[in-house]
Amino acid sequence: IAPALAGNRLVTMEPPVNLIRVIVHGGFLPATRGNPRPFGMPPFGLALTDEEIASLASFLRSSWGHAAGEVKPQEVGRLRGAAGD
């Protein structure tokens with residue numbers, strides 16, 4: 001139903017721009033005839049602070065055998081500002 005987080009390149013990519021965007025804006029697959037209502041992840045940008053998003057992203061990047069770097073709240077804030085969030 002959902003992509004695995006273990007070994008997922010989106011979680012470990014440098015810089016963590018796409019991971020932050022998925023947390024802030026959500027992620028939804030396109031609807032198809034065979035799957036007209038695909039599952040997706042809701043956006044959490046309005047519910048979480050920059051610090052909470054950075055903590056969540058850092059947790060994901062260091063769990064399930066991942067060894068990617070920490071995400072700083074300033075990175076989240078810069079991306080929110082650049083996207084007009």
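Trp 64 takes a positive phi of about 55° in this predicted model. This residue comes just after helix α3. Trp 64 also belongs to a nonpolar surface patch. Its partners there are Leu 5, Leu 56 and Phe 59. Together the four residues make a patch of about 390 Å².

One member of this patch, Leu 56, lies in helix α3. Is Leu 56 buried, partly exposed or exposed? Its relative accessibility is 34%, so Leu 56 counts as partly exposed. The limits that matter here are 20% and 50%: buried residues fall under the lower value, and exposed residues are over the upper one.

Helix α3 covers residues 50-62. It holds 13 residues. At 1.5 Å a residue, the helix should span 18 Å. The C-alpha atoms at its ends are 18 Å apart, which agrees with that expected span. Which residues of α3 are buried? They are Ile 53, Ala 54, Ala 57, Ser 58, Leu 60 and Arg 61. Seen down the axis of α3, these buried residues fall within an arc of 160°, so they line one face of the helix.

Helix α2 spans residues 17-25. Buried in α2 are Leu 19, Ile 20, Ile 23 and Val 24. These four cover an arc of only 130° around the axis, which means that they sit on the same side of α2. Gly 26 follows just after this helix. Its phi is positive, at about 85°.

Notes:
Residues are numbered from 1 along each chain as its sequence is written. This is a predicted model: local features need pLDDT of at least 70, side-chain atom pairs count only at pLDDT 80 or more; totals for chains, interfaces and linings use all residues. Side-chain values use heavy atoms; hydrogens and water are left out. Buried means under 20% relative accessible area, exposed over 50%, partly exposed in between (1.4 Å probe, protein chains only). Helices (H or I, at least four residues) and strands (E, at least two) are DSSP runs, numbered from the N terminus. The arc is that of the directions from the helix axis to the C-beta atoms. The expected span of a helix is 1.5 Å times one less than its number of residues. Patches are made of residues with over 30% relative accessible area and no salt bridge: like charges are joined within 9 Å, nonpolar side chains (Val, Leu, Ile, Met, Phe, Trp, Tyr) within 5 Å. Accessible areas come from the Shrake-Rupley method with a 1.4 Å probe; for residues, only the protein chains shown count as cover. A salt bridge is a side-chain nitrogen of Lys or Arg within 4 Å of a carboxyl oxygen of Asp or Glu.
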